[in-house]
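Here are some short exercises to work through with the model open beside you. Try each task before reading its solution.

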Amino acid sequence: MNSVDNYKVWDIKALKRPGQEEAKKILEKVAKQVQPIMRKRKWRVKVLSEFHTKSLLGLNVGAGVHVKLQLRKQYRDWEFLPFDQILDTMLHELCHNVHGPS
């Protein structure tokens, strides 16, 4: 295996809620979009998952051990946030692999 293949999202998990398959597809698309940046910067994410919170759009735990993204609008299981917003949050969270929490 080429070492370049190590710099990626390793596992993807969506919440067990209505629209779980669509949520997983969104997470897979996000992971695919950021992979070239991850390769160039030599960043890894062990788990990329959906999470639900009232106050955050994303969270990076352990400098890439686990990145969590809010995918859905509050109180609306079937309404997802715009993809550009989810991708923007992922890029922000990846920066925490190097620059720590803020």
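**Exercise 1.** Find which residues of α2 are exposed and which are buried in this predicted model.

*Solution.* Start with the exposed side: Asp-84, Asp-88, Val-98 and His-99 have over 50% relative accessible area. Next, turn to the other side of α2, where the buried residues are Ile-86, Leu-87, Thr-89, Met-90, Glu-93, Leu-94, His-96 and Asn-97. Now look down the axis of α2: these buried residues fall within an arc of 160 degrees, so they line one face of the helix.

**Exercise 2.** Check whether the span of α2 agrees with its number of residues.

*Solution.* Take the 17 residues of α2 at 1.5 Å a residue. The expected span is 1.5 Å times one less than the number of residues, which gives 24 Å. The end C-alpha atoms of α2 are 24 Å apart, so the two values agree. Just after the helix comes Gly-100, with a positive phi near 70 degrees.

**Exercise 3.** Work out what the buried residues of α2 pack against, and describe the sheet that α2 lies across.

*Solution.* First, list the partners: β1, α1 (20-41), β2, β3 and β4. Then order the four strands, which form an open, mixed sheet as β1-β2-β4-β3. Its edge strands are β1 (9-13) and β3 (58-61), each pairing on one side only. From one strand to the next, the twist averages 15 degrees. Helix α2 (residues 83-99) runs at about 25 degrees to β3.

**Exercise 4.** Determine the sense in which β3 and β4 pair.

*Solution.* β3 pairs with β4 (residues 66-69) in the antiparallel sense, over four bridges. To see this pairing in the model, find Leu-59, which stands opposite Lys-68 in β4.

Definitions and conventions
Residues numbered from 1 in each chain as written. Predicted model: local features only at pLDDT ≥ 70, side-chain atom pairs only at ≥ 80, totals over all residues. Heavy atoms only, no water. Pairing = 2+ DSSP bridges. Helix = DSSP H or I, 4+ residues; strand = E, 2+ residues; numbered from the N terminus. Axes fitted to C-alpha atoms, helices over the stretch in contact; angles between N-to-C directions. Contact = heavy atoms within 4.5 Å. Buried < 20%, exposed > 50% of the residue type's maximum accessible area, 1.4 Å probe, protein only. Arc of directions from axis to C-beta.
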